[in-house]
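Please open the structure in a viewer and keep the sequence panel visible. The tour below proceeds selection by selection.

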There are 2 protein chains.
Amino acid sequence: MITDCKTFCVVRYSEPVDDAAPKPWTMQQIAAAAGVSVTTVSHTLSGKRPVSTQTALRIRSLIDQFGYVPDAGARRLKSGRSGMIGLAVPDISHWYFGRIARGVEEMANEYDYGLIICSTSNSDPRREKRYFNLLRTRSIEGLIYTASREIGPTDELMSISASASPIVLADEVVSGLERVPSVTSLNSAGARELGRHVRELGHRRAVIVAGFEGLRSTIERVAGIRESFPDAVVVYGDFEVQSGYDRVDELLARGVEFTAVFACNDYMAVGAMRRLHEAGLRVPDDVSVVGFDDIDIAGVITPGLTTVRQDMLEIGRRSARLLLESLAAGTMRGIESVTLPVELVVRGSTAPPPAS
Amino acid sequence: MITDCKTFCVVRYSEPVDDAAPKPWTMQQIAAAAGVSVTTVSHTLSGKRPVSTQTALRIRSLIDQFGYVPDAGARRLKSGRSGMIGLAVPDISHWYFGRIARGVEEMANEYDYGLIICSTSNSDPRREKRYFNLLRTRSIEGLIYTASREIGPTDELMSISASASPIVLADEVVSGLERVPSVTSLNSAGARELGRHVRELGHRRAVIVAGFEGLRSTIERVAGIRESFPDAVVVYGDFEVQSGYDRVDELLARGVEFTAVFACNDYMAVGAMRRLHEAGLRVPDDVSVVGFDDIDIAGVITPGLTTVRQDMLEIGRRSARLLLESLAAGTMRGIESVTLPVELVVRGSTAPPPAS
DNA sequence: ACCAAGATGCAAAACGGTTTGCTTTGCGCA
DNA sequence: TGCGCAAAGCAAACCGTTTTGCATCTTGGT
């Protein structure tokens with residue numbers, strides 16, 4: 001059996017040496033070198049059956065020496081589990097989704113899963129199709145999906161979720177998919193507090209720069225704000241800085257009067273502040289501005305942005321936990337959706353309206 | 001053979017129906033249903049050998065009907081290619097790395113590769129080890145690595161790169177790994193321009209809030225700035241808003257006199273501006289502040305931040321292209337590192353120093 | 001000394017595809 | 001009529017593990 005070992009070594013090193021990565025060792029080769037069967041090597045690694053201390057030691061030392069690592073693909077084929085989950089986000093480069101991604105990644109890591117990122121480019125159907133196929137080909141065992149727009153009932157997501165695939169919705173629920181577990185923030189409560197806060201400062205005329213129309217979070221936030229400002233003008237943006245700027249620009253042009261701007265996220269709030277600044281309106285002296293999310297720079301810009309803090313990291317973590325737990329359980333049954341609390345953060349961008 | 005088909009169908013539907021995902025179809029079953037061998041089905045799909053139009057049609061329709069999708073794991077096992085690449089970043093939730101990730105994702109998508117994200121939590125060795133193992137287990141075919149601190153010569157990365165694995169360094173080169181292809185920005189030129197710009201405004205006393213000490217980009221940026229301000233005080237931060245704030249806080253406490261702050265990234269610049277604001281110093285009237293990167297909100301905060309624009313998206317794209325091209329070529333040989341141009345962006349945060 | 005029960009370890013059968021070598025058939029052309 | 005070659009398809013090997021089902025070897029209890 002020692003001969004076997006040498007044989008392998010010779011074969012190996014006599015191959016032409018080029019710059020390509022050398023062929024990895026197989027369990028077969030380790031077994032031959034140790035003079036045992038692959039079964040024994042496998043059991044040594046998995047511990048599913050006892051292996052004598054002596055043999056195990058020999059095998060382990062050989063493994064270390066060779067630098068052997070079992071092939072993930074073979075393992076996956078046999079076990080049927082890829083050890084990977086997917087995260088589909090509209091755009092991974094957004095702070096917002098980046099936070100979710102990080103939370104997911106942390107939790108996946110904890111459960112010893114890998115994470116495959118799927119940027120859907122704001123729900124480009126072709127992209128989405130590709131990523132749902134990861135589920136079908138069993139490249140990933142489950143998917144965390146964050147919607148960026150209202151999904152029509154004909155969508156890929158619908159059909160795949162109907163097949164009872166392990167899916168969790170993060171950050172945004174999708175109508176028609178009420179049975180799919182989700183992790184969201186308590187948008188309505190946050191918006192209500194925000195509205196109340198501004199109302200109590202004495203404001204009467206407000207505008208709402210909302211997010212994508214039809215998106216559940218947008219609907220909830222607008223509704224929450226309207227509890228305090230029933231007749232607030234609502235315009236829709238796309239959550240980007242520029243649209244905050246543009247919407248306020250249009251409102252000013254239309255001659256709409258307001259002393260408070262509710263932006264449905266901090267980025268649009270920043271854009272709004274910029275436009276107001278350019279119009280010679282001071283924040284918060286002339287106009288109060290609030291956002292939503294509490295992004296990293298919300299507290300350090302001048303003035304500090306009054307907003308509602310969402311724990312995106314936790315949304316990511318909880319989504320992943322939901323998914324991974326249900327994978328471990330082997331069923332999505334009994335998985336409860338989660339709604340996370342939010343927190344009003346009052347900073348310098350809100351103040352009583354001008355006396356006039 | 002039609003009987004075979006029915007047999008399969010019966011077997012399938014007689015299984016207990018629960019909420020778990022139904023077992024996927026195998027090529028075996030499709031073949032049986034079509035009355036051909038698996039070989040023929042495989043060839044129909046791959047086109048590596050001709051299949052008669054009639055047979056192909058029958059097979060294809062069956063595939064559609066069943067919703068058959070070939071198992072990625074089996075495919076990978078036989079072909080040895082996983083169709084995945086990895087991206088290791090210190091923290092995916094940072095705007096900066098998010099941009100890189102998006103660029104990588106775009107390119108990977110173009111080349112029909114999947115992307116596995118590896119958050120290294122600022123080079124936590126255990127995390128890194130896990131991710132390098134993805135390479136070893138052949139879960140990923142190649143890795144794009146963005147360093148966040150100076151890597152010691154004993155690190156995992158060193159050993160793995162020595163084994164000629166397909167690795168590309170993005171955004172940051174690593175000393176000792178000069179032979180590994182990389183994609184970086186022309187930091188020195190950007191910093192030089194920045195320094196010259198501030199110098200030409202008339203400033204004489206400047207401080208530099210640098211990034212991690214020892215990081216190549218930090219060294220280059222500091223050197224570039226020092227061409228115009230040879231005696232600038234240098235303090236080191238960690239690229240976060242808070243450290244920009246803290247370092248300036250310390251400088252003020254130490255009584256260091258300066259009329260310009262060079263921050264090595266925009267986040268620290270924002271933190272610096274915040275601290276200056278709290279100290280009653282106006283930007284840019286009393287102190288000019290510049291950053292580096294040109295993050296999304298650099299142009300919309302007040303005052304706008306003078307900075308150097310790096311194209312992170314392009315860094316991601318180019319890194320991915322380098323990696324994927326070399327995977328296609330089967331060798332890392334002849335792969336050229338890339339250095340991307342940067343652009344000085346002058347905004348409102350810089351102005352001549354106060355007259356006094 | 002004898003037997004049941006663990007401890008060990010092996011051979012072989014999956015897992016679900018891809019690929020190779022070989023057979024059979026159909027067809028054009030001398 | 002016969003020959004050669006391309007087209008079409010099958011069986012079987014293979015990829016590198018995990019997981020049975022069995023054999024063999026100890027060991028302790030009686």
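Helices and strands in this tour are DSSP runs, numbered from the N terminus, a helix having at least four residues. With that numbering, select helix H3 of chain A: H3(A) gives the largest share of the surface near DNA strand D, namely six residues. The model is a predicted one.

**The surface near DNA strand D**

Next, select the elements that each supply at least two residues of this surface: in chain A, helix H2 (27-34), helix H3 (38-46) and helix H5 (72-79), and in chain B, helix H3 (38-46) and helix H5 (72-79). There are 28 residues around DNA strand D, and those that come nearest are A:Met27, A:Ala74, B:Ser37, B:Thr39 and B:Pro50. Colouring the surface by class shows ten nonpolar, twelve polar and six charged residues.

**The sheet of chain B**

Move to chain B and display strands S6 to S9. These four strands form an open sheet in the order S7-S6-S8-S9, with parallel pairing. Strand S7 (233-236) and strand S9 (288-290) of chain B are at the edges with a single partner strand each, so one side of each has no neighbour in the sheet. On average, neighbouring strands of this sheet are turned by 15 degrees against each other, direction ignored.

For a closer view, select residues 206-210 (strand S6) and residues 260-263 (strand S8) of chain B, which pair in the parallel sense over four bridges. Within this pair, B:Ile208 has B:Phe262 in S8(B) as its bridge partner.

Now add the helices. Helix H9 (residues 187-200) of chain B packs on the sheet and touches S6, S8 and S9 of chain B, its direction making about 170 degrees with that of S9(B). Helix H10 (residues 216-226) of chain B lies across S6, S7 and S8 of chain B and runs at about 170 degrees to S6(B).

**The two chains together**

Display both chains. A turn of 180 degrees with a shift of 0.0 Å along the axis lays chain B on chain A with an RMSD of 0.1 Å. This is the relation of a two-fold axis. To locate the axis from chain B, select B:Ile116, whose C-alpha comes closest to it among the residues of that chain, at 2.2 Å. The copies meet through the same surface, because 100% of the interface residues of chain B are also interface residues in chain A.

**Confidence in chain A**

Finally, colour chain A by pLDDT. The mean is 89, and 93% of the residues of chain A reach 70 or more. Select residues 1-18 of chain A: pLDDT stays under 50 there, and the model has eight contacts beyond four places in sequence for this stretch.

Methods
Residues are numbered from 1 along each chain as its sequence is written. Chains are lettered from A and ligands numbered from 1 in the order in which they are written. This is a predicted model: local features need pLDDT of at least 70, side-chain atom pairs count only at pLDDT 80 or more; totals for chains, interfaces and linings use all residues. A residue is near a molecule or strand if its C-beta atom, placed from the backbone, lies within 6 Å of it. Ala, Val, Leu, Ile, Met, Phe, Trp, Tyr, Cys and Pro count as nonpolar, Asp, Glu, Lys and Arg as charged, and the others, Gly among them, as polar. Two strands pair if DSSP finds at least two bridges between them. Axes are lines fitted to C-alpha atoms, for helices over the stretch in contact, and angles run from 0 to 180 degrees between N-to-C directions. Two residues are in contact if their C-beta atoms, placed from the backbone, lie within 7 Å. Copies are superposed by least squares on the C-alpha atoms of residues with pLDDT of at least 70 in both. pLDDT is the predictor's confidence in each residue, from 0 to 100.
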